[in-house]
Amino acid sequence: MKIKLSFKTFNYIIIGLVLIIAPLLFINNYYIIYLLSMFLIYSILCLGLNLITGVAGQFCLGHAGFYGMGAYIAALIATRAVGIPYLLELLLSAIGAGLFAVVVAYSCIRVSGDYLAIITLASAEMFRLTCTNWESLTNGPMGIIGIPYPRILSVAINNNVKIYYLGLVYFFISLYLCNLILHSKYGRAFKAIREDEIVALSMGVPVFKYKVLVFFIGAFFAGIAGNYVAHLIMFISPDNFTTNTSIYLINSIILGGIGTISGSFIGAGLMLFLTEFLRFAPAAWRMVVMAIAIIVVMIKMPQGIAGSELDYKKWFNKIIK
Amino acid sequence: MDNTSLSHFVQVTINGLSMGCVYALVAVGYGMVYGILNMINFAHGEIYMFGAYIAYSALVCKMGLFSSILLSLFFCGVLGVTVERLAYKPLREASRIAPALTAMAVALLIRSAVMIIWGSSPIMFPQVINNKPIILNNNIRFYPLQFSIIFVTIVIWVFSLWLFKYTKIGKAIRAVSQDRNTAWLMGIDADKIVSIVYLYGSILAAIAGFLIANYYILLFPLMGFLGTIRAWTAAVLGGIGKLSGAVIGGLLIGLVESFAMTYISTAYKDVIIFIVLIIILLVMPRGLLKGRGQKV
């Protein structure tokens, strides 16, 4: 049997191998492994956001709220209710974030476009402000410290490399699930909603139900990422989940390619690279370079990087033939 | 309601109105660009922040009040048109979401430039306008600056409405906002009109920046971002594409903020604003004045 290797699978295999091998090369470099873990987090977040905004066309500016919900549930359970097993806690933070998104989606019941964007932004800000001010529960702006490393059944995840691989597992699972969703009847229905709600409705797509569903799925991934970040950094505070975070995520998916799966992690990687690679420069100059880079990329490729026909894609197709 | 609580109420209303006019002032300029290009202009607040900083430098260099206002108007106008030409014009035909990203990048650029030039810590704005409170009976304080902010907002609002409805250029602007290609076919230079709108929006931003800097007497680089979010909220609340909607939305937000701060809780004032916003959008999904519906 001859296996036909498409450009897409080839790329996925390469990226997968790089992500598996990379930490082994830098096993003593705490910083690089931390960066790679952050890349995984942002990729999972962008996958979820890309489902909501890219695939279903709901301009969501409140993804940081879902992310924060996952992180806070994880942190509270891990520090206050010590007996609960990790996998249950993971499930709770994912579902908690998802339910928060369902509430948001219900309050967007009649709106679309920018009206929806502002409601999602508002709900994320409301979440953040509540976390800041409800000091008895969340310790306010000081944040929650001392979140322990997770322990899955009898396996203790007790160093940075192990927790990186845990994140990698989440990343692969999310990628796989996203692919499944995108190519199922749900994915097609989401795309139909993005293109035209009225047409979708007359084709028999229950638009409102699916809108709520896509918010739930996107926030579910965000909840997983939030759970992971709480255990990775061991500290969370409301400052990690501001509007800036939401905007950063939106930037990543637009830059990477809106509505595409590969665009999610390309964008996440590029944004992380731009912010981290320029660390040596003073903060303000770093932002100048980053802004100019974004503007140039957008003008050259308005569809984002993954949405554009790149030269190396043609080159690959030529070789494979 | 006894006498003190009544005067307290009046005081809160006055504060709320002037705060609302501050938001309305930013939102009118924002709404111009927003209504015409249907683009979320994340850089509008940064232009108003930039204008305030220019005015600060001019005043520190002992320039007169009038000439420093003019200088800041000039710089903001140039900045607005340059940004439009360099960053937004190449993306005119792209999807709606691409220019939103370049706008965010431009906002980042301007904010960083301001941080490099003026530093990132807050600075005091020199108090040039006499702002001694007029004390009415019942101990109600009314600052002249509050009065001038309300006055300028009304003037700009009326002028913009007039410009929009009764002039030839306003007609062209409306045509471009309805359908750019058809406007081209009718002999309207749409690119020029868009530039004019940006110029006008930036000048309004500069005026707002100057007044707000005088009102709060404090400048900090993040004020642009906060201004953008407030202006956007106001514009959406009033209805996208409606000039008066931006003003009404801004006033409403200011009043809600002032009342929530006094009577409910300072810490949760933003939460209350957002709850009001969500309720209004649930009842009136296209804003108070029925703006246009749209998709991403």
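**Figure 1. K62(B) sits in the loop between α2 (44-60) and α3 of chain B.** This is a predicted model, so what you're looking at here is a computed backbone, and the twist at this spot deserves a close-up. K62(B) has a positive phi of about 60°, even though the residue isn't a glycine. Is K62(B) buried or exposed? It counts as exposed, because just 8 C-beta neighbours fall inside 10 Å, and the cut-off for exposed is 12 or fewer.

**Figure 2. N139(A) is another residue other than glycine with a positive phi, near 65°.** Here the view moves to chain A, to the loop between α6 (135-138) and β1 (144-145), which is where N139(A) lies. How many other C-beta atoms lie within 10 Å of N139(A)? There are 18 of them, so N139(A) comes out as partly exposed; a residue needs 20 or more to be called buried.

**Figure 3. S72(B) is a buried residue in chain B.** Back in chain B, this close-up is centred on S72(B), which belongs to helix α3 (residues 65-88). S72(B) has 28 C-beta neighbours inside 10 Å, and the threshold for buried is 20 or more, so the label follows directly. Which residues does S72(B) touch, once those up to four places away in sequence are left out? They are G51(B), I54(B), A55(B) and A58(B), plus A206(B) and F210(B). For a sense of scale, pick out S57(B) as well: S72(B) and S57(B) are 15 residues apart along the sequence, and their C-alpha atoms are 9.5 Å apart in space.

**Figure 4. Helices α3 (residues 63-80) and α4 (residues 86-107) of chain A pack with their axes 8 Å apart.** The angle between the two is about 145°, and the crossing of α3(A) and α4(A) is right-handed. Zoom in on the seam and you'll find G65(A), F66(A), M69(A), G70(A), I73(A), A74(A), I77(A) and A78(A) on the α3(A) side. Facing them from α4(A) are E89(A), L92(A), S93(A), A94(A), G96(A), A97(A), F100(A) and A101(A). What does this contact look like by residue class? The residues where α3(A) meets α4(A) split into eleven nonpolar, four polar and one charged.

**Figure 5. Helices α7 (residues 160-182) and α10 (residues 207-233) of chain A cross at roughly 175°.** Their axes come within 11 Å of each other. That angle makes α7(A) roughly antiparallel to α10(A), since anything over 145 degrees gets that label. From α7(A), the residues in the contact are I163(A), G167(A), Y170(A), S174(A) and I181(A). From α10(A), they are I217(A), F221(A), I224(A), Y228(A), H231(A) and L232(A). Sorted by class, the contact of α7(A) with α10(A) has eight nonpolar and three polar residues, with no charged ones.

**Figure 6. Chain A meets chain B through 35 residues of chain A and 37 of chain B.** On the chain A side, α5 (114-133), α11 (243-256) and α13 (283-300) each put in at least two residues. Which of these elements gives the most? That would be α13(A), with eleven residues on the side that touches chain B. As for chemistry, the chain A side of the interface breaks down into 24 nonpolar, eight polar and three charged residues.

**Figure 7. Chain A, the backdrop to several of these views, has 14 helices and four strands.** Its radius of gyration is 20 Å, close to the 20 Å that the globule rule gives for 321 residues, so chain A is as compact as a globular protein of that length. The C-alpha trace spans about 60 × 50 × 50 Å along its principal axes. Of the 321 residues, 47% count as buried. Taking contacts in chain A between residues at least 6 apart in sequence, 77% join residues at least 24 apart.

**Figure 8. Chain B, home to S72(B) and K62(B), comes to eleven helices and four strands.** For 296 residues a compact globule would have a radius of gyration near 19 Å, and the 19 Å of chain B agrees with that. Along its principal axes the C-alpha trace of chain B spans about 65 × 50 × 35 Å. Of the 296 residues in this chain, 50% count as buried. Among the contacts in chain B with a separation of 6 or more, residues 24 or more positions apart account for 75%.

Technical notes:
Residues are numbered from 1 along each chain as its sequence is written. Chains are lettered from A and ligands numbered from 1 in the order in which they are written. This is a predicted model: local features need pLDDT of at least 70, side-chain atom pairs count only at pLDDT 80 or more; totals for chains, interfaces and linings use all residues. Two residues are in contact if their C-beta atoms, placed from the backbone, lie within 7 Å. Ala, Val, Leu, Ile, Met, Phe, Trp, Tyr, Cys and Pro count as nonpolar, Asp, Glu, Lys and Arg as charged, and the others, Gly among them, as polar. Axes are lines fitted to C-alpha atoms, for helices over the stretch in contact, and angles run from 0 to 180 degrees between N-to-C directions. A crossing is left-handed if the near helix is turned anticlockwise from the far one by less than a right angle, and right-handed if clockwise. The radius of gyration is taken over C-alpha atoms; the globule rule is 2.2 Å times the number of residues to the power 0.38. Angles under 35 degrees count as roughly parallel, over 145 as roughly antiparallel, 65 to 115 as roughly perpendicular and the rest as oblique.
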